[in-house]
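Let's work through a few exercises together, with the model open beside you. Each one gives a task and then a solution in steps.

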Amino acid sequence: VFVVWGMELSPSLSSSLQACGDASILPEDAFSTLCELVFDVVLEKKTEDEVVGDKRLSKVERGLLKQSFASLVTLVVEGAKNGVESADLTQHLEDCKFAPEKCEKVAKLFHDHRNELRTLLRRTRSVVPRVVDIDWRLDYYMKSKQLERINQPVYVIDIKTEGDPKSIQFACSVEQLQDLVSKLKDAARSLEKATST
């Protein structure tokens, strides 16, 4: 595993990038076209099918094309996600035996589209709502339509969150509530252990 810019790159990704950078495997004109298409696909301007169907890439073996495409997409997205500068990207590509022209092509496209990539990543990230408050009440069910007598307490929990959804409500029995509290205590203990080391 190679660590670049604080992210881990697998050996298979690095070897795929090396193959992509090899002019005997992927000629300069095909590489240039592929790079442009990579950014178009990541920025949602084109689809992956358009990459495979592009006539300028028809001489490139399909498996190699898909492998090169995937490795470049991964590099570009991880670079944008980790706030990489073009110079760092160039250095990594040089380490993968890319020719200077290919390094320059990728670095220029990355520099030109970096802000768009970061905006897209912010828009598509998933955000877990943060709990800000909890309300609860105890209801007591005496009977239902199906049964004459139930006589059972039920807790109604309302978790207030920051973000979407604003509120999460559920009902549970005493036993279910005790189980939930126990699991939350376990989680809190695990967190304390993790932060104390």
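Helices, counted from four residues up, and strands, counted from two, are DSSP runs numbered from the N terminus. Keep in mind that this is a predicted model.

**Exercise 1. Work out what pattern of helices and strands the protein follows along the sequence.**

Step 1. Start with the inventory: the protein has 7 helices and 5 strands.

Step 2. Now read from the N terminus, and the pattern comes out as β-β-α-α-α-α-α-α-β-β-β-α.

Step 3. For a sense of the interior, note that 34% of the 197 residues in the protein are buried.

**Exercise 2. Find the aromatic pairs and say which parts of the chain they link.**

Step 1. The structure holds 2 aromatic pairs. One of them joins Phe-31 and Phe-98 edge-to-face, with 5.7 Å centre to centre and 70° between the planes.

Step 2. Place the two rings: Phe-31 is in helix α2, whereas Phe-98 is in the loop between α5 (86–95) and α6, so their pair ties together parts that are 67 residues apart in sequence.

Step 3. Check the burial, for which the cut-off is under 20% relative accessible area. Phe-31 has a relative accessibility of 0% and therefore counts as buried; Phe-98, at 6%, is buried too.

Step 4. Trp-136 and Tyr-155 form a tilted aromatic pair, 5.9 Å centre to centre with 55° between the planes. Here strand β3 (residues 130–141) supplies Trp-136 and strand β4 (residues 152–162) supplies Tyr-155, 19 residues apart.

Step 5. Trp-136 is exposed, because its relative accessible area is 57%, while Tyr-155 counts as buried at 18%.

**Exercise 3. Trace which residue forms a salt bridge with Arg-114, and where the partners lie.**

Step 1. Begin with the general idea: side chains of opposite charge can pair when their charged atoms come close. In this model, a search of the whole structure finds 13 salt bridges.

Step 2. The partner of Arg-114 is Glu-85, and their closest N and O atoms are 3.5 Å apart. This pair links distant parts of the chain, with Glu-85 in the loop between α4 and α5 and Arg-114 in helix α6, 29 residues apart.

Step 3. Compare the two partners: Glu-85 is partly exposed at 42% relative accessible area, and Arg-114 counts as buried at 19%.

Step 4. Salt bridges with shared partners also join Asp-135, Asp-158 and Lys-160 into one network.

Step 5. Look at Val-84, which sits in the loop between α4 (62–81) and α5. Val-84 is buried, with a relative accessible area of 3%. The C-alpha atoms of Val-84 and Arg-114 are 9.0 Å apart in space, although 30 residues separate the two in sequence.

Step 6. For a local example, take Glu-78 and Lys-81, whose side chains meet in a salt bridge (3.3 Å, N to O). Both lie in helix α4, 3 residues apart, about one turn of the helix.

**Exercise 4. Locate the negative surface patch and say which helices supply it.**

Step 1. Mark Glu-28, Asp-29, Glu-101 and Glu-104, which form the negative surface patch.

Step 2. Assign them to helices: α2 (28–42) and α6 (100–124) each supply at least two residues of the patch.

Step 3. Zoom in on Glu-101, which lies in helix α6. Its relative accessibility is 48%, so Glu-101 counts as partly exposed.

**Exercise 5. Check the sign of phi at Glu-44 and Lys-97, and say where each residue lies.**

Step 1. Recall the background: most residues other than glycine have a negative phi.

Step 2. Glu-44 has a positive phi of about 65° although it is not a glycine. Glu-44 belongs to the loop between α2 and α3 (48–53) and is exposed, with a relative accessible area of 53%.

Step 3. For Lys-97, phi is near 70°, again a positive value in a residue other than glycine. Lys-97 is found in the loop between α5 and α6 and is exposed, with a relative accessible area of 62%.

Note on methods:
Residues numbered from 1 in each chain as written. Predicted model: local features only at pLDDT ≥ 70, side-chain atom pairs only at ≥ 80, totals over all residues. Heavy atoms only, no water. Patch = residues over 30% accessible without salt bridge, like charges linked within 9 Å, V, L, I, M, F, W, Y side chains within 5 Å. Areas by Shrake-Rupley, 256 points an atom, 1.4 Å probe, with all protein chains shown as cover. Salt bridge = Lys/Arg side-chain N within 4 Å of Asp/Glu carboxyl O. Lys, Arg positive; Asp, Glu negative; His and termini not counted. Charge placed at Lys NZ, Arg CZ, Asp CG, Glu CD. Buried < 20%, exposed > 50% of the residue type's maximum accessible area, 1.4 Å probe, protein only. Phe/Tyr/Trp six-rings, centres within 6.5 Å; stacked < 30°, edge-to-face > 60°.
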